[in-house]
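Please look over the chain below. The report starts with one helix and works outward to the sheet and the cores.

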Amino acid sequence: ACATCARPTVLEGDWTGGTVGARADLGSAFHAVAAEVLRTLRDTGQTSMPHQECIEVMRETTAAGPWLLSPGDGTASSTGYDMLVQMVLALATEEWPNPARFLAIEDRLSHEVIGPDGVARMATGTPDLVIADPPRGLLIIDHKTGMAKPPTPREIPDDDVIRGLQYMSDHADFQLHVYGLLAFKQWPRAQTVTLRERNWRWLGPWREATITREALEHDEPYLGELMMKLERAMAEGEGSELAAPRSGPHCTSRCPVARSCPIPRERRRLGVLHTK
């Protein structure tokens, strides 16, 4: 998000919210449950986990975690426990053909990136799952739990995988290039990285996009410049020119600082669909 409008990042330390917090709890709880399920599959060699076992893992994980979920209202937009159960049951139906190829599950990757000012800054990221994709590729799985639905092409490919960043969630382009950079540095023999996502709330086909190692030529300098500017913006605060609000398709009702944004609401077009 900081690549499109740095204002939420600069101000987020002073902001607290209600429904966004509830959505964050739901998303964090699901990611923790999914990670525990996938670790179990890797350890046991199973390609899927029975529904009831998934539910037991969910209960143990949420009991040990810090999340507070309401019972939920039974609707598709629920941020409560009912939606967590629904998404975990959906996860239980998924087959993972070769769990022995799981390389990282919620493990933090890091790499020092040099900015235009010559300063080294640590770039980090925690992919949900990294899978070896022979012969020389990596597959990064990204779990989605939000309410937004990306555009869908008129025709679904025969292999039931939708390809192209234009059909993926907001900021998938940023995730692909940052996770790609970190993964290429962590596994030097990899030549391609594919980011594959699925929204466990809405289900539907997996969606994915791929980059090659050649992307590092531009991605590393880009990230170095972005991190330099973000550091400067956070040091200078809301008055920084770099933290000036920037309207665009990223302006949605989910923006944590929308109420204080100086750009008129009609120019931000909050609540309007930006894609068909």
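In helix α6, the buried residues are Leu216, Asp219, Glu220, Leu223, Gly224, Leu226, Met227, Met228, Leu230 and Ala233. This is a predicted model. Helix α6 covers residues 216–236. Its 21 residues should span 30 Å at 1.5 Å a residue, and the end C-alpha atoms are 30 Å apart, which agrees. Glycine 237 comes just after α6 and takes a positive phi of about 85 degrees.

Helix α4 can be checked in the same way. Its twelve residues reach 17 Å from the first C-alpha to the last, close to the 16 Å expected at 1.5 Å a residue. Buried in α4 are Met83, Leu84, Met87, Val88, Ala90, Leu91 and Ala92.

| Helix | Number of residues | Expected span | Span in the model |
|---|---|---|---|
| α6 | 21 residues | 30 Å | 30 Å |
| α4 | twelve residues | 16 Å | 17 Å |

**The whole chain**

The chain holds seven helices and eight strands. It has 276 residues, and 43% of them count as buried. Its exposed surface is about 14900 Å², with 51% supplied by carbon and sulfur atoms. Consider the contacts with a separation of 6 or more: residues 24 or more positions apart account for 65% of them.

**The sheet**

In what order do the six strands of the open sheet lie? The order is β1-β4-β5-β7-β8-β6, and the pairing is mixed. β1 (102–105) and β6 (161–163) stand at the edges. Each has a single partner strand, so one side of each is left without a neighbour in the sheet. From one strand to the next, the twist averages 25 degrees.

Strands β5 (residues 137–144) and β7 (residues 192–199) pair in the parallel sense, over eight bridges. In this pairing, isoleucine 141 has arginine 196 in β7 as its bridge partner. Helix α5 (residues 172–186) lies across β5, β7 and β8 (206–212). Helix α5 runs at about 135 degrees to β7.

**The hairpin**

Strands β2 and β3 (residues 120–125) pair in the antiparallel sense, over six bridges. Isoleucine 114 has alanine 120 in β3 as its bridge partner. Five residues sit between the two strands of this hairpin, where glycine 118 takes a positive phi near 85 degrees.

Which face of β2 (residues 109–114) is covered, and which is uncovered? Leu109, His111 and Val113 make up the covered face. Ser110, Glu112 and Ile114 make up the uncovered one.

**The cores**

The largest nonpolar core has 31 residues. Phe30, Val37, Val88, Trp96 and Leu129 touch the most other members. At least two residues of this core come from each of α2 (19–44), α3 (51–64), α4 (81–92), β1, β4 (129–133) and β5. Helix α2 gives the most, with nine residues.

What does phenylalanine 30 contact, leaving aside its neighbours within four places in sequence? Its contacts are Leu84, Met87, Val88, Leu91, His143, Thr145 and Trp200. Of these, Leu84, Met87, Val88 and Leu91 are buried residues of α4.

Apart from the largest core lies another, of 26 residues. Among its members are Ala172, Val178, Leu182 and Leu195.

Notes. Residues are numbered from 1 along each chain as its sequence is written. This is a predicted model: local features need pLDDT of at least 70, side-chain atom pairs count only at pLDDT 80 or more; totals for chains, interfaces and linings use all residues. Side-chain values use heavy atoms; hydrogens and water are left out. Two strands pair if DSSP finds at least two bridges between them. Helices (H or I, at least four residues) and strands (E, at least two) are DSSP runs, numbered from the N terminus. Axes are lines fitted to C-alpha atoms, for helices over the stretch in contact, and angles run from 0 to 180 degrees between N-to-C directions. Contact means heavy atoms within 4.5 Å. Buried means under 20% relative accessible area, exposed over 50%, partly exposed in between (1.4 Å probe, protein chains only). Accessible areas come from the Shrake-Rupley method with a 1.4 Å probe; for residues, only the protein chains shown count as cover. The expected span of a helix is 1.5 Å times one less than its number of residues. A nonpolar core is a set of buried Ala, Val, Leu, Ile, Met, Phe, Trp, Tyr and Cys residues joined through side-chain atoms within 4.5 Å.
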